[in-house]
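This report concerns the pockets, the cavities and the disulfide bonding of one protein model. The structure is shown first, and the description follows.

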Amino acid sequence: MKTIPLLAAAALAIAPAIPAAAKFPEKPIRMVVGFTPAGATDILARVVAAKVGEMQKWEIVVDNKPGAAGNVGAEIVAKAPADGHTWLLTQVATHGIVPSLYKKLPFDAVKDFAGITQLVGVPNVLSACKGFPAETVADVIRIAKEKPGTVSFASSGNGTSLHMSGHLFKVLAGVDILHVPYRGAGPALNDCLAGNVSLIVNNFPETVAHVQAGTLKPLAVTTVNRAPQYPNVPTMREAGVAGYDVSAWFGIVVPAKTPRDVVETIHAAVVKALAEPDVRARLLDLGGVVVASKPEEFETFYKGEIARWKPVVETSGAQIE
């Protein structure tokens, strides 16, 4: 009789079981991304979709539906049949900032969705642009206080998580810096590299190559803990900005009223994929720390994020009809 090696047997014993939802999936799964291809949200979606599809033999199609800070994609999923075949790769904008930013939304970020899991938390990075003479966050604060209104920071657009990250720095550091919004992270980064703005707040995946090339100077990461890839770059708190903590988190939600057994089946499949060494390595390259929370934990988390970002949005003055 063949025997299973001890370590293999142990691994099988602790691996999460995939609940058997009746006849799921019955057709290809659509993972909606409310942002353009090649951005952080899209990259993460494709990593997860590919591994879940490979492991479960499911067909998962990533469908980019950009527009209105992710609202176009979110509306599609909110109004899709609640059968588990339509997923939203959501993040801090859609399920954190947007509910306070827009006067009217075609969906309710809490009532119209069911959580699957928070995938990862990813730091944003505050960097000095070409020609700006700051070596540290303390330098930025000093220059901004000596010459109010002369320091600017670029973001991917009004009301985005990157705008709010910069605004929170402005409030907590007590400095007068000018927000320069762009139509996307790409144009913002290009102007930063050209020296047309002083600072940029950007997602880790879109920053790392330029830091490695020496064309961007990272001053601080926005999370409580340092990024393993930037061990010498301090956190905002370490740099003197007390109370600062921003994570560009990402997760998966499905339409509300999706059957519980289907939610559990999707959750188990995604969490199993997140445990794979190649996925963890790829996410680490992107600056991601795997969370893999339970559905109810994720729902509690993004409800808290909506509440946390409300006063930040209000003090920024950003509002969209």
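The sections below take up the open pockets, then the enclosed cavities, and finally the disulfide of this predicted model.

## The largest pocket

The largest pocket has a volume of about 800 Å³. Its lining comprises 40 residues, and those nearest the pocket centre are Phe35, Thr36, Ser156, Gly184 and Ala185. By class, this lining consists of 20 nonpolar, 17 polar and three charged residues.

Where does the largest pocket lie with respect to the domains? Residues of domain 1 (29-121 + 248-316) and of domain 2 (123-239) both contribute to its lining, so the pocket lies between the two. Among secondary-structure elements, at least two lining residues come from each of H2, helix H6 (161-173), H7, strand E8 (199-203) and helix H8 (204-213). H7 makes the greatest contribution to the lining of the largest pocket, namely four residues.

## The second largest pocket

The second largest pocket encloses about 300 Å³ of space. It is lined by 19 residues, of which Gly121, Thr223, Val224, Asp245 and Ser247 are the closest to its centre. Two elements, strand E4 (113-121) and helix H11 (295-316), each give two or more residues to this lining. H11 supplies the most, with three residues.

Sorted by class, the lining of the second largest pocket holds nine nonpolar, six polar and four charged residues. Domain 1 (29-121 + 248-316) and domain 2 (123-239) are both represented in that lining, each by at least three residues.

## Enclosed cavities

The model contains two cavities of 30 Å³ or more. The largest cavity holds about 60 Å³ of space. Its lining is made up of Ala40, Ile43, Leu44, Val120, Val122, Pro205, Phe250, Leu283, Leu286 and Gly288. Helix H2 (residues 40-56) provides the largest share of that lining, three residues. Nine of the lining residues of the largest cavity are nonpolar and one is polar, while none is charged. Helix H2 thus appears in two linings, as it also gives at least two residues to that of the largest pocket.

The second largest cavity has a volume of about 30 Å³. The residues around it are Gly34, Phe35, Gly70, Ala74, Leu88, Leu89, Thr90 and Thr94. Phe35, listed here, is also one of the residues nearest the centre of the largest pocket. Strand E3 (residues 86-91) contributes most to the lining of the second largest cavity, with three residues. That lining is composed of four nonpolar and four polar residues, with no charged residue.

## The disulfide

The structure has one disulfide. It joins Cys129 and Cys192, whose sulfur atoms are 2.1 Å apart. The link between Cys129 and Cys192 is left-handed, with -110° about the S-S bond.

Which parts of the chain does this pair tie together? Cys129 is located in the loop between strand E5 (124-128) and helix H5 (137-146), whereas Cys192 belongs to helix H7 (residues 185-193), so the bond connects parts that are 63 residues apart in sequence. Cys129 and Cys192 are both buried. Helix H7, which carries Cys192, is also the element that gives the most residues to the lining of the largest pocket.

Notes. Residues are numbered from 1 along each chain as its sequence is written. This is a predicted model: local features need pLDDT of at least 70, side-chain atom pairs count only at pLDDT 80 or more; totals for chains, interfaces and linings use all residues. Side-chain values use heavy atoms; hydrogens and water are left out. On a 1 Å grid over the protein atoms alone, a cavity is a set of points where a 1.4 Å probe fits but cannot get out, and a pocket is an open set with protein on both sides within 12 Å along at least five of seven lines; lining residues have an atom within 4 Å of a point. Grid points are joined across faces, edges and corners, and a volume is the space filled by probe spheres set on the points. Ala, Val, Leu, Ile, Met, Phe, Trp, Tyr, Cys and Pro count as nonpolar, Asp, Glu, Lys and Arg as charged, and the others, Gly among them, as polar. A disulfide is a pair of cysteine sulfur atoms within 2.5 Å. Buried means under 20% relative accessible area, exposed over 50%, partly exposed in between (1.4 Å probe, protein chains only). Domain bounds come from an automatic or database domain assignment.
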